[in-house]
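Colleague: Before I rely on the labels attached to this model, I should like to hear the reasoning behind them. Could you take me through the values and the cut-offs they are set against?

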Amino acid sequence: MQALSVVFHPLLLPTIMFFVIFRYVPQAFRPLADENVPYILLALSTTTLIIPVLSLLALRLTSTIRSLQMHDKNDRLVPFVFIATFYGVTTYMFYSKLTLNPVLVLLMLTTTLLIVLLTGITFFWKISIHSAGIGGVVGFILALVHIFPGSELLIPFVAAIVVLGWVMTARLVLQAHSFSQVAAGAVLGGGFCYLMMMVFS
């Protein structure tokens with residue numbers, strides 16, 4: 001169960017999501033040339049995964065947070081602010097420095113806003129970030145089905161639903177969250193990402 005939480009860690013999801021889009025909805029990367037996509041994925045992974053992970057390790061080494069699992073909601077606030085900042089920088093870079101399809105920029109903006117929203121909720125309640133992350137992937141894929149009719153997204157959509165069930169179960173078995181916390185995370189992540197993409201795309 002712990003392995004599921006690691007393999008589908010929220011910080012991995014933007015990279016996974018962009019890879020899924022490139023694999024199943026390549027037209028979403030137009031007008032970017034295909035040979036430039038790996039560089040975009042590398043930049044995305046650096047700013048949304050590698051740098052945040054290194055920052056978390058630094059916070060742990062300096063005892064700013066007591067555990068990398070961040071079981072206490074108070075341990076989550078500083079890391080979440082750092083992560084939201086990195087994601088915001090990535091969104092700005094995608095918007096102002098690169099020639100990307102507006103749908104991809106909106107996806108990153110939505111992800112950043114979701115992190116900000118979850119950070120605000122964390123001040124009062126320990127909502128499940130894992131569930132919100134996978135739920136967000138489900139919402140994104142469902143929105144892409146409408147935005148790009150004819151795209152072959154059935155397999156990724158079903159896979160995301162299955163993974164969401166696995167992750168929610170894992171968080172409950174590990175006693176990291178209550179049922180209401182994992183359910184709220186899934187509903188918030190999925191609903192917010194779907195609505196943002198449908199309204200603003």
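Modeller: The discussion below takes labels of burial, contact, helix geometry and packing in turn; the model is a predicted one.

Colleague: Let us begin with individual residues. Why is S45 called buried?

Modeller: S45 lies in helix α3. Its relative accessibility is 15%, and buried means under 20%, so S45 meets the criterion. Leaving out residues up to four places away in sequence, S45 touches T15 and I50.

Colleague: What makes S131 buried?

Modeller: S131 belongs to helix α6. The relative accessible area of S131 is 0%, and the limit is under 20%, so the label buried follows. Beyond its neighbours within four places in sequence, S131 is in contact with L164, M168, V182, G185 and A186.

Colleague: Why is L98 described as partly exposed?

Modeller: L98 sits in the loop between α4 and α5. Its relative accessible area is 31%. Buried requires under 20% and exposed requires over 50%; L98 satisfies neither condition and is therefore partly exposed.

Colleague: What does L98 touch, and how far is L98 from V116 in space?

Modeller: Neighbours within four places in sequence aside, L98 is in contact with I40 and M93. From L98 to V116 the C-alpha distance is 24 Å, with their positions 18 residues apart in sequence.

Colleague: Why does G165 carry the label partly exposed?

Modeller: G165 is in helix α7. A relative accessible area of 29% falls between the limits of 20% and 50%, so G165 is partly exposed. The C-alpha atoms of G165 and A186 are separated by 9.6 Å, and the two residues are 21 residues apart along the chain.

Colleague: In the loop between α7 and α8, is H177 buried or exposed, and how do you know?

Modeller: H177 is buried: its relative accessibility is 7%, and the cut-off is under 20%. Apart from residues up to four places away in sequence, H177 touches R76, K126, I127, S128, R171, L172 and V182. For K126, the C-alpha to C-alpha distance from H177 is 7.6 Å, although they are 51 residues apart in sequence.

Colleague: What makes Q175 exposed?

Modeller: Q175 is likewise placed in the loop between α7 and α8. Its relative accessible area of 72% is over 50%, so Q175 is exposed. The backbone deserves a remark as well: phi of Q175 is near 60 degrees, a positive value in a residue other than glycine.

Colleague: Which residues does the cis peptide bond join, and what is its omega?

Modeller: The bond joins R30 and P31, with omega about 10 degrees. P31 is located in the loop between α2 and α3.

Colleague: Turning to helix geometry, how do you know that the span of α4 is close to the expected one?

Modeller: Helix α4 has 20 residues and reaches 28 Å from its first C-alpha to its last. The expected span is 1.5 Å times one less than the number of residues, and for α4 this gives 28 Å.

Colleague: Which residues of α4 are buried, and what do they pack against?

Modeller: The buried residues are L77, P79, F80, I83, A84, F86, Y87, T90, T91 and F94. They pack against α2, α3, α5 and α6. F94 touches F18, I40, L44, L100, V105 and M108, with residues up to four places away in sequence not counted.

Colleague: Which residues touch the most other members of the largest nonpolar core?

Modeller: They are M17, F18, I21 and F94, in a core of 53 residues. The elements that contribute two or more residues to this core are α2, α3, α4, α5, α6, α7 and α8.

Colleague: How do α5 and α8 pack?

Modeller: Helix α5 (residues 102-122) and helix α8 (residues 179-200) pack at about 140 degrees, with axes 10 Å apart. Their crossing is right-handed.

Colleague: Which residues meet there, and how many are nonpolar?

Modeller: From α5, V103, L106, L107, T110, L113, L114, L117, L118 and I121 meet L188, G189, F192, C193, M196, M197 and F200 in α8. By class, this contact has 14 nonpolar and 2 polar residues, and no charged ones. Gly counts as polar, which means that G189 belongs to the polar class.

Note on methods
Residues numbered from 1 in each chain as written. Predicted model: local features only at pLDDT ≥ 70, side-chain atom pairs only at ≥ 80, totals over all residues. Heavy atoms only, no water. Axes fitted to C-alpha atoms, helices over the stretch in contact; angles between N-to-C directions. Helix = DSSP H or I, 4+ residues; strand = E, 2+ residues; numbered from the N terminus. Left-handed = near helix turned anticlockwise from the far one by under 90°. Contact = heavy atoms within 4.5 Å. Core = buried A, V, L, I, M, F, W, Y, C linked by side-chain atoms within 4.5 Å. Buried < 20%, exposed > 50% of the residue type's maximum accessible area, 1.4 Å probe, protein only.
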